[in-house]
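Student: I am new to this structure and would like a close look at a single part of it. Could you take me slowly through one strand and its surroundings, and then show me how the rest is packed?

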Amino acid sequence: MATLQAARAKALGLPVASAKSWGLNRAIYYAAAKRGFKGGKGPAKPKKYTASFGEFYLGDDKAFQIKAGRVTLFTIGGEIQRPEDFRRQIEQRFAGTFKDAWAEALRRDVLAAKWTERAAKRQE
């Protein structure tokens with residue numbers, strides 16, 4: 001999930017560091033949604049980044065962002081999802097094959113459009 005969401009964010013224009021933060025953020029969000037959210041009083045703001053904290057929309061999805069220098073990173077539950085967290089939690093699981101998985105994930109939208117077109121032609 002994290003890899004596909006990161007690739008989607010990259011395809012929609014986010015820089016790689018922000019896209020990886022987004023992907024990890026969305027994976028955490030969907031995992032929490034699957035388990036059922038525990039009540040809270042709204043978004044937890046990381047103390048150091050309170051001034052740059054805000055909402056960010058990518059398509060219909062909303063996440064909370066902070067600015068770390070010139071980089072936009074995403075946060076959930078007061079925790080910032082950093083590109084190095086993505087590397088540690090996601091990329092390492094691919095046991096040296098992440099570059100291939102990333103390339104496939106970046107092409108998935110192209111593949112989906114291609115197969116949708118083929119299916120439409122078959123129905124005609």
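Tutor: Two strands are said to pair if DSSP finds at least two bridges between them, and a strand is itself a DSSP run of at least two residues marked E. Please keep in mind that this is a predicted model. With that said, let us look at strand 3, which covers residues 71–76 and holds F74.

On one side, strand 3 is joined to strand 2, residues 61–68, by five bridges, and the two run antiparallel. In this pairing Q65 is the residue that stands opposite F74. The two strands form a hairpin with two residues between them, and in the turn G69 has a positive phi of about 70°. Strand 3 is also joined to strand 4, residues 79–81, by three bridges, again in an antiparallel arrangement, and here F74 stands opposite Q81. Strand 3 and strand 4 likewise form a hairpin with two residues between them, where G77 in the turn has a positive phi of about 60°.

F74 counts as buried because its relative accessibility is 0%, and buried means under 20%. If we leave aside its neighbours within four places in sequence, the contacts of F74 include Q65, Q81, E79 and I80, as well as L14, S18, S21, W22, N25 and F56. A6 lies 68 residues from F74 in sequence, yet the two are 12 Å apart in space, C-alpha to C-alpha.

A6 leads us on to the packing of nonpolar residues, since A6 belongs to the largest nonpolar core, whose nine residues also include A2, A7, L24, F86, I90, F98, W102 and A105. Helix 1 (2–11) and helix 4 (98–123) are the elements that give two or more residues to this core. Apart from it lies another core, of eight residues, among them A19, W22, F56 and L58; W22 and F56 are also in contact with F74.

Finally, consider R26, a charged residue in helix 2, which spans residues 16–35. R26 is buried yet has no salt bridge, and the nearest side chain of opposite charge, that of D61, is 4.7 Å away, whereas a salt bridge needs a side-chain nitrogen of Lys or Arg within 4 Å of a carboxyl oxygen of Asp or Glu. Leaving aside neighbours within four places in sequence, R26 is in contact with Q5, D61, K62 and A63, and A63 is also in contact with F74.

Definitions and conventions. Residues numbered from 1 in each chain as written. Predicted model: local features only at pLDDT ≥ 70, side-chain atom pairs only at ≥ 80, totals over all residues. Heavy atoms only, no water. Core = buried A, V, L, I, M, F, W, Y, C linked by side-chain atoms within 4.5 Å. Buried < 20%, exposed > 50% of the residue type's maximum accessible area, 1.4 Å probe, protein only. Helix = DSSP H or I, 4+ residues; strand = E, 2+ residues; numbered from the N terminus. Contact = heavy atoms within 4.5 Å. Lys, Arg positive; Asp, Glu negative; His and termini not counted.
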